[in-house]
Structure formats: C-alpha cells, structure tokens
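This report goes through the charged pairs, the disulfide and the overall fold of one protein chain. The sequence and structure come first.

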Amino acid sequence: QVRLVESGGGVVQAGDSLRLSCVASGRTFTGYALGWFRQAPGREREFVAAIAWSGHNSYKESVKGRFSISRDNAKNTVILHMNSLKPEDTAVYYCAAGWYGGIMVPTTSAQYEHWGQGTQLTVSS
C-alpha cells in the first residue's frame, strides 16, 4: 500500500523560512513525479511545485524564487524549501505522487494518484 507522509508544517512569521518533507513508501517510486499542492480554507486545492524523476521541476508563479523543490530518490523523499513566507502561503500542504516515466512534471491534482494527509502551515503577519 502506497503511503505518503508529510512533516514540517507549523506556525511561522512572515519572512521566515521552513522546510516541508514527504516520505513515500509502499512501492518502488522509480519514474514517479512528486509534487506539492496546498489548500487554504474555502479555496480549491492548488499546485505549488513538482519534480520529475529526472529532476525537471515546475513551480506556481507566485512561489518562484521563494520555494525550491528537491528529491532524494534513494530515500523516496521530496523536500519543499520555503523562504520569504507570506500570510497568503497559509494552507494545508499536500504531497502527491504520480507515475510519468521520468521527465514529465504534472501540475494538476488530477494527474496524481497518491496523496498524503497534509501538513498545516500558518504564516502570521
């Protein structure tokens, strides 16, 4: 059974940095893209960042230059480094996994088949 477990959320102040981690287990993740999505109260779940098996990545426009995604394929782990956090970054952050063969970087939630339970990030002003 595939399992994705996020960690690292919390309460921070605007301008702070934080790192979210997601560990995947239950199968081999060769060729899988790993992504981060977020959902704020009353809003749709939205794409934040994703990284292909190859290392190709993609970011939501509003987080470019502030967030960085990386992965450790040997540990089935994906990390979201977040800098210069803003109150509008407040949301539940979800890790997701989907098989795309290595290069493709899917950016919609429908393209991912496995999801974590989420971790809350609150950024105070």
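## Lys64 and Glu61

In this predicted model, Lys64 is partly exposed, with a relative accessible area of 45%. Its salt-bridge partner is Glu61, and the closest N and O atoms of the two are 3.1 Å apart. Glu61 is exposed, at a relative accessible area of 60%. Exposed here requires over 50% relative accessible area, and partly exposed covers the range between that and the 20% limit for buried; the 45% of Lys64 therefore puts this residue in the middle class, while the 60% of Glu61 puts that one in the exposed class.

The chain has a count of 5 salt bridges. Two others, described next, involve Asp89.

## Asp89 and its arginine partners

Asp89 is found in the loop between strand 8 and strand 9. Its relative accessibility is 0%, so Asp89 counts as buried. One salt bridge of Asp89 is with Arg38, where the closest N and O atoms are 3.0 Å apart. This pair links distant parts of the chain: strand 8 (77-82) comes before the loop that holds Asp89, Arg38 is in strand 4 (residues 32-39), and the two residues are 51 residues apart. Arg38 is buried too, with a relative accessible area of 4%. The side chains of Asp89 and Arg38 are also joined by a polar contact of 3.0 Å.

The side chain of Asp89 meets that of Arg66 in another salt bridge, at 2.8 Å from N to O. Arg66 lies in the loop between strand 6 (57-59) and strand 7 (67-72), and Asp89 in the loop between strand 8 and strand 9, so this pair ties together parts that are 23 residues apart in sequence. At 11% relative accessibility, Arg66 counts as buried. Through shared partners, salt bridges join Arg38, Glu46, Lys60, Arg66 and Asp89 into one network.

## Other surroundings of Asp89

Which residues does Asp89 touch, not counting those up to four places away in sequence? They are Arg38, Arg66, Phe67, Ser84, Leu121 and Val123. Within the excluded range of sequence there is a polar approach to the backbone: a polar atom of the Asp89 side chain lies 2.8 Å from the backbone nitrogen of Lys86.

Ala14 is 75 residues from Asp89 along the chain, and the C-alpha atoms of the two are separated by 9.4 Å.

## The disulfide

The count of disulfides is 1. Cys22 and Cys95 form it, with their sulfur atoms 2.1 Å apart. The pair links distant parts of the chain, with Cys22 in strand 3 (residues 18-25) and Cys95 in strand 9 (residues 91-99), 73 residues apart. The angle about the S-S bond is -80°, and the link is left-handed. Both Cys22 and Cys95 are buried.

## Glu6, a buried acid without a salt bridge

Glu6 sits in strand 1 (residues 3-7). What is the nearest side chain of opposite charge to Glu6, and how far away is it? It belongs to Arg45, 7.6 Å away, and Glu6 is buried yet has no salt bridge. A salt bridge needs a side-chain nitrogen of Lys or Arg within 4 Å of a carboxyl oxygen.

The side chain of Glu6 instead approaches backbone nitrogens. One is that of Cys95, 2.8 Å from a polar atom of the Glu6 side chain. Another is the backbone nitrogen of Gly118, which the side chain of Glu6 reaches at 2.9 Å. Leaving aside neighbours within four places in sequence, the contacts of Glu6 include both disulfide cysteines, Cys22 and Cys95. Also among them are Ser21, Trp36, Tyr93, Tyr94, Gly116, Gln117, Gly118 and Thr119.

## The chain as a whole

The protein chain has 11 strands and 0 helices, and its pattern along the sequence is β-β-β-β-β-β-β-β-β-β-β. Its radius of gyration is 13 Å, close to the 14 Å that the globule rule gives for 125 residues, so the chain is as compact as a globular protein of that length. The C-alpha trace spans about 40 × 25 × 25 Å along its principal axes.

Of the 125 residues, 42% count as buried. Among contacts between residues at least 6 apart in sequence, 60% join residues at least 24 apart.

Notes. Residues are numbered from 1 along each chain as its sequence is written. This is a predicted model: local features need pLDDT of at least 70, side-chain atom pairs count only at pLDDT 80 or more; totals for chains, interfaces and linings use all residues. Side-chain values use heavy atoms; hydrogens and water are left out. A disulfide is a pair of cysteine sulfur atoms within 2.5 Å. Helices (H or I, at least four residues) and strands (E, at least two) are DSSP runs, numbered from the N terminus. Buried means under 20% relative accessible area, exposed over 50%, partly exposed in between (1.4 Å probe, protein chains only). Lys and Arg count as positive and Asp and Glu as negative; His and the chain ends are not counted. A polar contact is a pair of N or O atoms within 3.5 Å; within protein, one must be able to donate a hydrogen and the other to accept it, and residues adjacent in sequence count only if both atoms are side-chain atoms. Contact means heavy atoms within 4.5 Å. The radius of gyration is taken over C-alpha atoms; the globule rule is 2.2 Å times the number of residues to the power 0.38.
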